[in-house]
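Reader: Hi! I'm just getting started with structures, and I'd love a close look at one part of this one. Could you take me through the place where the ligand sits?

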Amino acid sequence: MTTTWAVITGAGRGIGAVLARHAAKEGFRVAAWDLDGEAVRAVAAEIGEECVPLAVDVTDESSVRAAVGELPAAPSLVVNNAGIVRFGPLLELAAADWRAALDVNLTGTFLVARTAAERMIAESVGGSVVNISSINGLAAAPGAGAYTSSKAGVVMLTEHMALEWGAHGIRVNAVAPGLIDAGMSDAIYADPEVRRLRSGRVPLGRLGTAQDVAETVLFLGSEKAAYITGQTLAVDGGITRGALNAMPRARSDAAGD
Ligand SMILES: NC(=O)c1ccc[n+]([C@@H]2O[C@H](COP(=O)([O-])OP(=O)(O)OC[C@H]3O[C@@H](n4cnc5c(N)ncnc54)[C@H](O)[C@@H]3O)[C@@H](O)[C@H]2O)c1
C-alpha cells in the first residue's frame, strides 16, 4: 500500500492533537506541525511511529518551506488548523494583536496551503486541503473583531484556492467549528454555568467536541467528498441557523403554527 501523508498544523494540543490521532487511525502518515515543538513531540509519541512531529511556525515562510521540503512525498491531505485568538473591542485593540491574529490564522493558512500545493501539483497527486475557520468567520461576535476578520478571510481564501487549484485535482474546503469544548475554549467551559447557558443556545443542545470537528475534516479529506470543493461546512450543532430563535412573536403568529 502506498503511504499517504497528512499535514496537520497546530497539532500540539486541542483540536489539532485529536485531528492527528484521527488521521493516523484513518491510515495516514501524519506530519504533525506546531510552533511548540515539545508539545507536538509528546502528541506524536502517544500516537506512534505513523506520526512525525516537527516544530514549524506557520507564519514564517522559510520554516514552512523547510517543513514541506522534509516530507518524503507530497501530502494528500493538508489541514490548516493552527490558530490563535486575540480578544478586545476594535476601539481598544492593539495593532500587534490584530496583526498576530491575521498572521497566524490567515497568512499561516495561505503559506502552508500554497507551499504544500506547489508540491502536490509538481507530483500530480491531487489531494485535499481543509482550512479550519470558525463560526466567528460567519458571524460577528463581541470583542472578537481580529479573530472574526481573520476567520472570515479563511472562508474567502478557501474559495479562491478551490477555484485556482481545482484544475490540478486539489479540493479545498473549510470547516467552521462552533462552540467546541476543547483547546482554546477550555478556560471558557471550565465554568459550569457558562457551559449550561451556552449549551442551551445550541439547537442540538450540547457543546461540540474536537472529535466532531475531526470527523468532518476527515470526511472532507476523503474520497467520499470527491465532488465537494470551495465550501465552508459549519460544525456547530445548528447555532448559526438560530439567528431568529430569540425573536419575540405576536400571539396570533404563535397560534398559527
Ligand atoms: N476550540 C474552539 O472552541 C474553536 C472553535 C472554533 C474554531 N476553532 C479553531 O480551531 C483551531 C484549533 O483550535 P484549538 O481550540 O485546538 O486551539 P489551541 O490553542 O488548543 O491549539 C492551537 C495550536 O496552534 C499552535 N500554533 C499557534 N500559533 C502557531 C504558529 N504560528 N505556527 C504553528 N502552530 C501554531 C499552538 O501552539 C497550539 O498548539 C484554531 O484554528 C481555532 O481558531 C477552535
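Which polar backbone atom, or rather whose, is 3.3 Å from an oxygen atom of the ligand?

Author: Sure, and keep in mind as we go that this is a predicted model. The residue you're after is I180: one of its polar backbone atoms is 3.3 Å from an oxygen atom of the ligand. As for how covered the ligand is, on its own it would expose 830 Å², and the protein buries 92% of that. Two elements each give two or more residues to the shell around the ligand, namely α1 (14–25) and α5 (145–165).

Now for the other backbone contacts, this time with nitrogen on the ligand side. L35 has a polar backbone atom 3.2 Å from a nitrogen atom of the ligand. V56 offers a backbone N or O atom too, and that one lies 3.4 Å from a nitrogen atom of the ligand.

Let's widen the view to the whole surroundings. There are 27 residues around the ligand, and the ones that come nearest are R13, I15, D34, Y147 and S185. If you sort the shell by class, you get 13 nonpolar, ten polar and four charged residues.

While you have the model open, have a look at the second largest pocket as well. The space in it is about 240 Å³. Twelve residues line this pocket, and E26, F28, L218, S222 and E223 are the ones that lie nearest its centre. By class, its lining splits into four nonpolar, five polar and three charged residues.

Two single residues are worth a stop before you close the viewer. Start with R119, which you'll find in helix α4 (residues 95–122). Its relative accessible area is 18%, so R119 counts as buried. A polar atom of the R119 side chain lies 2.7 Å from the backbone oxygen of L71.

Then go to S76, in the loop between α3 (61–70) and β4 (77–80). S76 has a relative accessibility of 21%, and that's why it counts as partly exposed. Try finding T4 from there: S76 and T4 are 72 residues apart along the chain, yet their C-alpha atoms are separated by 6.0 Å.

Technical notes: Residues numbered from 1 in each chain as written. Predicted model: local features only at pLDDT ≥ 70, side-chain atom pairs only at ≥ 80, totals over all residues. Heavy atoms only, no water. 1 Å grid on protein atoms, 1.4 Å probe; cavity = no way out; pocket = protein on both sides within 12 Å on 5 of 7 lines; lining within 4 Å. Points joined across faces, edges and corners; volume = space filled by probe spheres on them. Nonpolar A, V, L, I, M, F, W, Y, C, P; charged D, E, K, R; others polar. Near = heavy atom within 4 Å. Polar contact = N/O pair within 3.5 Å; in protein donor to acceptor, adjacent residues only side chain to side chain. Areas by Shrake-Rupley, 256 points an atom, 1.4 Å probe, with all protein chains shown as cover. Helix = DSSP H or I, 4+ residues; strand = E, 2+ residues; numbered from the N terminus. Buried < 20%, exposed > 50% of the residue type's maximum accessible area, 1.4 Å probe, protein only.
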